[in-house]
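Biologist: Could you take me through one part of this model in some detail? I'd like a close look at a single helix and whatever sits around it.

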Amino acid sequence: MTDAKIDETNFDKIDPESIIELADDSSTDDDASSYFSDTTSLTSSVFNFTYENGRRYSSHRKESGNHFMPNDEVEQDRLDLMHHLILTLNKGSLYEAPLENPQSALDLGTGTGIWAVDFADTFPDCKVIGTDLAPIQTNYVPPNLSFEVDDYELEWVYKEKFDYIHIRYLMGGVKDWPTLFKKAYDFLNPGGYIEIYEADFTAGFSQDGTYENSIVSEYIKHVGEASSKIGRKMDEAPKLPGYLGDVGFTNVHMKKIRCPIGAWPKDASLKEAGKIAAVVTHGGVEAYGLALLTRVLGWSTEEAKDYCKKVEEKVMDRRIHAIWPMYAIYAQKPLEE
């Protein structure tokens with residue numbers, strides 16, 4: 001372990017001692033349709049996939065192993081909504097690192113590519129590459145952006161180095177974070193930045209005890225157990241700053257953000273974020289759960305689907321006041337090795 005200093009100034013975007021106040025109608029049941037009313041569906045043309053439990057996944061290349069998230073249109077819509085949630089929590093900011101005119105950027109696990117498109121528009125002189133296991137990205141992109149099918153856990157063969165590497169929402173999709181960070185370190189230019197945005201679903205909590213004994217909490221335990229069994233732990237987010245320091249990064253900064261799940265907060269901005277987070281979480285129950293519950297824990301498809309439906313109902317119940325910890329982390333490669 002290195003002695004790299006982690007700047008935890010302004011660690012919580014919201015004062016950790018403060019209480020998120022409940023809205024006056026927070027104890028009432030809420031119809032799920034009210035959460036979905038403002039969302040839109042996006043479609044993409046994809047290929048090279050397999051079907052399992054009624055969902056579509058990337059084709060199972062032997063070297064990829066155990067990737068359990070679907071890539072169908074339902075999941076693509078959820079990922080785009082997750083992008084909107086993160087922008088809402090961060091007041092529209094695409095990044096936290098102090099970037100100054102980056103000339104090359106890499107977005108690992110780009111998903112639908114929505115972040116990469118926004119970033120390329122923001123920095124038109126920056127060459128941006130987005131990679132993912134599945135070619136599910138839009139064809140309408142800025143001229144400085146390209147997408148590639150690639151697995152970030154295999155050997156990196158990029159011909160150039162980057163000024164900025166972006167990682168978001170890969171928890172459960174990485175077996176070895178230190179190795180991934182070492183690859184990123186090697187492919188960054190001196191002075192370049194790496195940035196990671198992840199949630200720690202295993203550390204969900206509530207301020208009034210409404211979450212801890214719910215079926216939602218029980219579900220998270222099952223998913224956490226299954227992901228750990230295949231070596232893709234879901235509780236690594238708080239450890240990432242240490243891993244970054246271990247491989248040589250400096251100026252490690254971490255900000256922890258509390259994200260409410262549901263429209264129960266009194267504060268208007270938190271209520272808006274909570275509504276979006278509820279829809280994202282609702283869709284994530286089956287996305288995360290089906291493959292892990294059936295492939296790893298041995299549940300039948302019917303058992304897993306019925307269980308996920310029960311969890312989804314409680315995710316939308318405003319009497320459960322869950323909060324997910326989310327982490328915005330960035331670090332810099334030293335100007336001199």
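Before we zoom in: among contacts in the chain between residues at least 6 apart in sequence, what percentage join residues at least 24 apart? After that, please walk me through α5 and its packing against α7.

Modeller: Sure, and keep in mind that this is a predicted model. To your opener: 76% of those contacts join residues at least 24 apart in sequence. The chain has 337 residues, with 55% of them buried, and its secondary structure comes to 8 helices and 10 strands.

Now for α5, which covers residues 215-229. With 15 residues, α5 spans 21 Å from first C-alpha to last, close to the 21 Å expected at 1.5 Å a residue. Just past its end, Gly231 has a positive phi of about 75 degrees.

Which residues of α5 are buried? Val216, Ser217, Tyr219, Ile220, Val223, Gly224, Ala226 and Ser227 are. As a rule, residues three or four places apart in an α-helix point the same way, because there are 3.6 residues a turn. The buried residues here pack against α7, α8 (301-315) and β10 (323-332).

Let's stay with α7, residues 268-296. The axes of α5 and α7 are 9 Å apart, at an angle of about 55 degrees. That angle is why α5 counts as oblique to α7. The crossing itself is left-handed. On the α5 side, the contact is made by Tyr219, His222, Val223, Ala226, Ser227 and Lys229. Their partners in α7 are Gly284, Val285, Tyr288, Gly289, Leu292, Leu293 and Val296. Sorted by class, that contact has 8 nonpolar, 4 polar and 1 charged residues. Tyr219, Val223, Ala226 and Ser227 turn up both among the buried residues of α5 and in its contact with α7.

α7 also packs with another helix, α2 (residues 73-89), at an angle of about 150 degrees and with the axes 9 Å apart. The crossing of α2 and α7 is left-handed too. From α2, the residues involved include Leu81, Met82, Leu85 and Leu89, while the α7 side includes Ile276, Val280, Gly284 and Tyr288. This contact has 11 nonpolar, 4 polar and 3 charged residues. If you're looking for a link between the two packings, try Gly284 and Tyr288: these α7 residues meet α5, and they also meet α2.

Conventions:
Residues are numbered from 1 along each chain as its sequence is written. This is a predicted model: local features need pLDDT of at least 70, side-chain atom pairs count only at pLDDT 80 or more; totals for chains, interfaces and linings use all residues. Side-chain values use heavy atoms; hydrogens and water are left out. Axes are lines fitted to C-alpha atoms, for helices over the stretch in contact, and angles run from 0 to 180 degrees between N-to-C directions. Helices (H or I, at least four residues) and strands (E, at least two) are DSSP runs, numbered from the N terminus. Angles under 35 degrees count as roughly parallel, over 145 as roughly antiparallel, 65 to 115 as roughly perpendicular and the rest as oblique. A crossing is left-handed if the near helix is turned anticlockwise from the far one by less than a right angle, and right-handed if clockwise. Contact means heavy atoms within 4.5 Å. Ala, Val, Leu, Ile, Met, Phe, Trp, Tyr, Cys and Pro count as nonpolar, Asp, Glu, Lys and Arg as charged, and the others, Gly among them, as polar. The expected span of a helix is 1.5 Å times one less than its number of residues. Buried means under 20% relative accessible area, exposed over 50%, partly exposed in between (1.4 Å probe, protein chains only).
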